[in-house]
Amino acid sequence: MQTGTNERPGLPIALVIGGGGMGMSTARRLGQSHRVVLASQSAGKNADREAALREDGIDAVAVQFDVTDAGSVAGLAEFVAQRGQLRTLAHVAGLSPSMGDWHQIFGVNLIGTALMERACLELAVQGTAAVFVSSSAGHLFEYPAADIVAVLDDPLAPGFFDRLDEVIAKEEQTSLQAYRLSKWALNRMCRRRAGAWGAKGARIVSMSPGPIATPMGAKELDGPSREVKLNLMQQLPIAREGTMVETADAIEFLASDRASYITGTDLLVDGGIVAATRPA
């Protein structure tokens, strides 16, 4: 960890999970009003990420951790507590359909997310806000049956994948379906956990982007979900991809006092794709 003139010990902490394009844009934005802890599994890239943030005058430290490992998550929470008071959690990390298989996508997008939510709730104080980046994909399919919902609602229980096997046929266990289900379950988690966060005077929300111009999004055009993404983009009411600046705007707003009465809900930042394809 570097030290220098951009140390700002009087500011609260923003914990940003994920060091990709959206994670870095979020860290830069939140770094205007927070000390930043950027947590990513990509150990080899973290030193450069920290240096880039510090060059922008941000009090930042980048650390390596594994969101799917309970011990690693607990260690990160302890590190944050030592740095100061957690004001904002921006959970940006996730795998898109082309980046993993059924188990990997659920492991990162749902199990890992639930681990982070539980750990950060322990750090939450009056005014803390947790923003979990989800996806419009969680809105763009037929919602799961009750027996599937019961499993998705408890991703930290032992035997999660065994229980999924009992309610979802093997031939349906595709990476795209894992992505959709994991994001749907993430949005539902934020609704269901609002009471626990509210008891501490804190808030929890999800934010669902549509097609966004990120390096991860570009990979989808070369992967098995290419036709799905192209078809969606052709139906966008705002006929372009969103930008990482626009997602940072949404995260900053949701984490701010301007959103102090918003909790337990999802904000679509999707160019209108859900409105266009699933009209009321």
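**Exercise 1. Overall build**

State how many helices and strands the chain has, then decide what its radius of gyration says about its form.

*Solution.* Begin with the secondary structure: the chain holds 12 helices and seven strands. The model is a predicted one. Next, take the chain length, 280 residues. For that length, a compact globule would have a radius of gyration near 19 Å. The chain has 18 Å, so the value agrees with a compact globule. For the extents, turn to the principal axes: the C-alpha trace spans about 55 × 40 × 40 Å along them.

**Exercise 2. Burial, contacts and surface**

Find what share of the residues is buried, and what share of the contacts links residues 24 or more positions apart.

*Solution.* Burial comes first. Of the 280 residues, 52% are buried. Now take the contacts with a separation of 6 or more: 76% of them join residues 24 or more positions apart. Then the surface. The accessible area of the chain is about 12200 Å², and carbon and sulfur atoms account for 53% of it. Last, the charges. There are 26 positive and 31 negative side chains, with the centres of the two sets 5 Å apart.

**Exercise 3. Helix α1**

Decide whether helix α1 (residues 21-30) is largely enclosed or largely open.

*Solution.* Use the cut-off: a residue is buried under 20% relative accessible area. Eight of the 10 residues of α1 pass this test, so the helix is largely enclosed by the rest of the structure. The buried set holds Met22, Gly23, Met24, Ser25, Thr26, Ala27, Arg29 and Leu30.

**Exercise 4. The nonpolar cores**

Name the residues that touch the most other members of the largest nonpolar core, and the helix that gives the most to it.

*Solution.* Start with the principle: in soluble globular proteins, nonpolar side chains tend to be buried together. Here the largest nonpolar core has 55 residues, and Leu15, Leu76, Phe106 and Leu152 touch the most other members. Helix α4 (residues 102-123) gives the most to this core, 13 residues. A second, separate core has 24 residues, including Ala14, Val16, Ala62 and Met207. Now follow Leu15. Beyond its neighbours within four places in sequence, Leu15 contacts Val37, Ala39, Leu76, Val80, Leu86, Thr88, Leu89, Ala90, Met116 and Cys120.

**Exercise 5. Ser175**

Place Ser175 in its helix and decide whether Ser175 is buried or exposed.

*Solution.* Ser175 belongs to helix α7 (residues 175-192). Its relative accessible area is 18%. The limit for burial is under 20%, so Ser175 counts as buried. Leaving aside neighbours within four places in sequence, Ser175 contacts Pro97, Gly100 and Ile105.

Technical notes
Residues numbered from 1 in each chain as written. Predicted model: local features only at pLDDT ≥ 70, side-chain atom pairs only at ≥ 80, totals over all residues. Heavy atoms only, no water. Helix = DSSP H or I, 4+ residues; strand = E, 2+ residues; numbered from the N terminus. Rg over C-alpha atoms; globule rule 2.2 N^0.38 Å. Buried < 20%, exposed > 50% of the residue type's maximum accessible area, 1.4 Å probe, protein only. Contact = heavy atoms within 4.5 Å. Areas by Shrake-Rupley, 256 points an atom, 1.4 Å probe, with all protein chains shown as cover. Lys, Arg positive; Asp, Glu negative; His and termini not counted. Charge placed at Lys NZ, Arg CZ, Asp CG, Glu CD. Core = buried A, V, L, I, M, F, W, Y, C linked by side-chain atoms within 4.5 Å.
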